[in-house]
Amino acid sequence: EAASDEVARWLKLTPGTNVIRLETVRKADGRPVSSATSWFPADRFAGMRDAYETTESITRAFAKLGLSDYIRATTEITAAHAEAADLSALELTPGAIVLITKAMNTDLDGVPVQYSVTRFAADRVQFTIEN
């Protein structure tokens, strides 16, 4: 798809540049805990869909596509009332709160390789951030 202004800004691309979008839902003990949308530069990661379907892991998909290591460069965390799509994907009730992370991963040269927006069921997760 064409990168929106927001996606392009995070990935340091020109708006409208082709990107690969990946939608995932993660579960723990059979219950959904997160719903994520990730974008990748299409020129570098054209095979991301197939690599992810095969590996079920972004890290392993990156490795399959030639990126052996990467770092989390930025994470922003906010909270909001769950929107309709979140209520459905995360099996939440109206009024539920989601924690939202916006994150950018880069290769070891600092070039953005992934931008993701993940919505977490706030009552099912705990974040611990250490330096």
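This tour proceeds from the sheet to one of its residues, then to aromatic pairs and salt bridges.

The model is predicted, so local features rest on pLDDT of at least 70 and side-chain atom pairs on pLDDT 80 or more, while totals for chains, interfaces and linings use all residues. Residue numbers start from 1 along each chain as its sequence is written, and side-chain values use heavy atoms, with hydrogens and water left out.

**The sheet**

Begin by displaying the strands. Helices (H or I, at least four residues) and strands (E, at least two) are DSSP runs, numbered from the N terminus. Two strands are taken to pair if DSSP finds at least two bridges between them. An open sheet is formed by 5 strands in the order β1-β2-β5-β4-β3, with antiparallel pairing. At the edges are β1 and β3 (71–81), each of which pairs on one side only. Neighbouring strands of this sheet are turned by 15° against each other on average, direction ignored. For such angles, axes are lines fitted to C-alpha atoms, for helices over the stretch in contact, and the values run from 0 to 180 degrees between N-to-C directions.

Next, select β5, residues 112–121. Burial is judged by relative accessible area: buried means under 20%, exposed over 50%, and partly exposed in between (1.4 Å probe, protein chains only). Strand β5 is mostly covered, with 10 of its 10 residues buried.

Add β2 (residues 31–41), which pairs with β5 in the antiparallel sense over 6 bridges. Two residues help to locate this pairing: A36 has T118 as its bridge partner in β5, and T37 has V117.

Then add β4, which runs antiparallel to β5 and is joined to β5 by 9 bridges. Here I100 has R119 of β5 as its bridge partner. In the hairpin of β4 and β5, 5 residues lie between the strands, and G110 takes a positive phi near 85°.

**A residue of β2: T37**

Centre the view on T37, which lies in strand β2. At 6% relative accessibility, T37 counts as buried. Which residues does T37 touch, not counting those up to four places away in sequence? They are R21, L22, E23, Y115, S116, V117 and R119, contact meaning heavy atoms within 4.5 Å. The side chains of T37 and E23 are also joined by a polar contact of 2.9 Å. A polar contact is a pair of N or O atoms within 3.5 Å; within protein, one must be able to donate a hydrogen and the other to accept it, and residues adjacent in sequence count only if both atoms are side-chain atoms.

**Aromatic pairs**

Now show the aromatic side chains. Rings of Phe, Tyr and Trp (its six-membered ring) pair if their centres lie within 6.5 Å; planes under 30 degrees apart count as stacked, over 60 as edge-to-face and the rest as tilted. The count by this rule is 6 aromatic pairs. Select W39 and Y115: the ring centres are 5.4 Å apart and the planes at 20°, so this pair is stacked. It links distant parts of the chain, W39 in strand β2 and Y115 in strand β5, 76 residues apart. Both W39 and Y115 are buried.

Move to F120 and F127, an edge-to-face pair with 5.0 Å centre to centre and 85° between the planes. F120 counts as buried at 16% relative accessibility, whereas F127, at 34%, counts as partly exposed. Finally, select F40, F45, F62 and Y70, which form one aromatic cluster.

**Salt bridges**

A salt bridge is a side-chain nitrogen of Lys or Arg within 4 Å of a carboxyl oxygen of Asp or Glu. The structure holds 7 of them.

Select E1 and R21, whose side chains meet in a salt bridge of 3.1 Å, N to O. E1 lies in the segment before α1 (5–11) and R21 in strand β1 (residues 19–28), so the pair ties together parts that are 20 residues apart in sequence. E1, at 42% relative accessibility, counts as partly exposed, as does R21 at 47%. A network of salt bridges links E1, R21 and E23.

Turn next to K102 and E6, a salt bridge whose closest N and O atoms are 3.1 Å apart. K102 lies in strand β4 (residues 97–106) and E6 in helix α1, so this pair ties together parts that are 96 residues apart in sequence. K102 is partly exposed, with a relative accessible area of 26%, and E6 counts as partly exposed at 30%.

End at D123 and R124, whose side chains meet in a salt bridge of 3.9 Å, N to O. D123 counts as exposed, at 65% relative accessibility.
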